[in-house]
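Me: I'm new to reading protein models, so can we go through this one together, question by question?

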Amino acid sequence: GPAVSDTQEPHAARLIDGKGFAARMTQDIAADVSAFYDRHHITPGLAVVLVGNDPASEVYVRNKALQTHRAGMRSFMHMLPATTSQKELLGLIERLNVDPEIHGILVQLPLPAGLDPVVVTNAIIPEKDVDGLGVVNAGRLALGLPGIVPCTPLGCLLLLHHYVGDMRGRDALVIGASNLVGRPMAELLLREGCTVTVAHIDTRDTASLARQADIVVVATGVRELVRGDWIKPGATVIDVGISRVTLPNGKTRLVGDVKFDEAVKRAGLITPVPGGVGPMTIACLLRNTLDAARILVEGPAR
Ligand SMILES: Nc1nc(=O)c2c([nH]1)NC[C@@H]1CN(c3ccc(C(=O)N[C@@H](CCC(=O)O)C(=O)O)cc3)C=[N+]21
């Protein structure tokens, strides 16, 4: 073949602009919230429950409240001490379940030791489970039925729809098998017609699986796990990870689960961290809250 000149521009993937996409989504949601108010004189309300004082979680929770107001919805914050008992937490959820001003309930995970996340997430009525993590919504997703889809996988799916389009027949690898991201992501990609592989903590050779994949979604919480040579040239890389690292000069920086500087040289499309999946998660939470309000107020579409 033709010789590659050393003056040729090095390849760099196109960046997937999650931040811009999420901002446009939030504007659309605000317009829909306003139309919903005109019809019903009801403003959708989201309750966010944070137990304990993990500083990173507090930042996310504050960001969620800000974006909720930006979309014209009401936000109800419940900051509880780490010493909260499961009984007290379940009591709060019970009140939120029956509160007509609340259309979506989210309990920030992880919960402090002593609180059972399965019991707590399943105490939220399915109609208000805007995280989509309870057994009813998870089961609906697994069966391909309509329901509330978890925000982070939904955000990744919307980015893939926009930037990739038709995914039928593509080889997709999901790295990470959490209930929050990996498993629902695999369900969604399967629904799109991808051939889906899920790699997890016991997988023998994740790198060689990644090298065959057209689409790689990484959600492990292991920072910079995925190296450039794991990526098939031209593949689409969605990085769900977000960790804060402290640099030698004392400043902090956010990094994902993908070694971005390496992967950007091989991928066709890649999400940055920050500015990729994170803002989409929040936009999808707002979308899910508006959709929940519609169904609670108007009944399921028929
Ligand atoms: N029940 C539950 N549902 C969640 O969806 C959930 C949770 N628990 N626990 C914590 C994680 C984390 N999470 C993020 C959301 C937005 C950004 C986000 O907006 N990130 C910005 C940067 C934010 C910054 O500068 O720190 C970005 O990536 O550009 C990050 C992380 C949702 N989570």
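Me: Where along the chain does E224 sit?
Reply: Keep in mind that this is a predicted model. Two strands frame the spot: β7 covers 215–218 and β8 covers 236–239. E224 belongs to the loop between β7 and β8.

Me: Is E224 buried, partly exposed or exposed?
Reply: A residue needs 20 or more C-beta neighbours within 10 Å to be buried, and 12 or fewer to be exposed. E224 has 18 C-beta neighbours inside 10 Å, so it counts as partly exposed.

Me: What is the phi of E224 near?
Reply: Most residues other than glycine have a negative phi. E224 is a residue other than glycine, yet its phi is positive. The value is near 55 degrees.

Me: Okay, what about H41: what is its phi, roughly?
Reply: H41 lies in the loop between α1 (18–40) and β2 (45–51). H41 is exposed because 7 other C-beta atoms lie within 10 Å. It isn't a glycine, but its phi is positive, at about 55 degrees.

Me: Which residue is joined to P110 by a cis peptide bond?
Reply: P110 is in the loop between β4 and α4 (117–123). Most peptide bonds are trans. The bond into P110 is cis, with omega about 0 degrees, and its partner is L109.

Me: And which residue is joined to P274 by a cis peptide bond?
Reply: Look in the loop between β11 (269–270) and α10, where P274 is found. Omega is about 0 degrees for this cis bond, and the residue joined to P274 is V273.

Me: How many residues surround the ligand?
Reply: The closest ones are Q108, L109, P274, G278 and T281. So two of those names should ring a bell: L109 is in a cis bond with P110, and P274 is in a cis bond with V273. The full count around the ligand is 18 residues.Me: Which element gives the most to the shell around the ligand?
Reply: Several elements each supply at least two residues: α2 (55–70), β4 (104–107), α6 (151–163) and α10 (277–298). The one giving the most supplies 4 residues, and that's α10.

Me: How many residues of the shell around the ligand are nonpolar?
Reply: The shell divides into three kinds of residue. There is 1 charged residue and there are 6 polar ones. That leaves the nonpolar group, with 11.

Me: How far apart are the C-alpha centres of domain 1 and domain 2?
Reply: Domain 1 runs over 41–127 and domain 2 over 151–279. The shell around the ligand draws at least three residues from each of them. Their C-alpha centres lie apart by 28 Å.

Me: How far apart are the end C-alpha atoms of residues 16–131?
Reply: UniProt, in an unreviewed entry, lists this span as "domain: Tetrahydrofolate dehydrogenase/cyclohydrolase catalytic". The chain there is 51% helix and 16% strand. Its end C-alpha atoms are apart by 24 Å.

Me: How far apart are the end C-alpha atoms of residues 150–294?
Reply: The unreviewed UniProt entry places "domain: Tetrahydrofolate dehydrogenase/cyclohydrolase NAD(P)-binding" here. This span is 34% helix and 19% strand. Its ends, C-alpha to C-alpha, lie apart by 18 Å.

Me: Which residues does S178 touch, leaving out those up to four places away in sequence?
Reply: UniProt's unreviewed entry lists S178 under "binding site", along with G176, A177, I201 and I242. S178 sits in the loop between β5 (171–175) and α7 (182–191). It is partly exposed because 18 other C-beta atoms lie within 10 Å. The residues it touches are R183 and A219.

Me: Is I201 buried or exposed?
Reply: I201 is in the loop between β6 (195–199) and α8 (206–210). The cut-off for exposed is 12 or fewer C-beta atoms within 10 Å. I201 has 9 others in that range, so it is exposed.

Me: How far apart in space are L247 and D291?
Reply: L247 is in the loop between β9 (243–246) and β10 (252–255). With 8 C-beta neighbours inside 10 Å, L247 counts as exposed. L247 and D291 are 44 residues apart in sequence, and their C-alpha to C-alpha distance is 42 Å.

Me: Last one: what ipTM does the predictor give the complex?
Reply: The protein chain averages a pLDDT of 95, and 97% of the residues score at least 70. For the complex, the pTM is 0.95 and the ipTM is 0.96.

Key
Residues are numbered from 1 along each chain as its sequence is written. This is a predicted model: local features need pLDDT of at least 70, side-chain atom pairs count only at pLDDT 80 or more; totals for chains, interfaces and linings use all residues. UniProt positions are given in the numbering used here, feature names are shortened, and annotations may be inferred rather than shown by experiment. Two residues are in contact if their C-beta atoms, placed from the backbone, lie within 7 Å. pLDDT is the predictor's confidence in each residue, from 0 to 100. Domain bounds come from an automatic or database domain assignment. A residue is near a molecule or strand if its C-beta atom, placed from the backbone, lies within 6 Å of it. Ala, Val, Leu, Ile, Met, Phe, Trp, Tyr, Cys and Pro count as nonpolar, Asp, Glu, Lys and Arg as charged, and the others, Gly among them, as polar.
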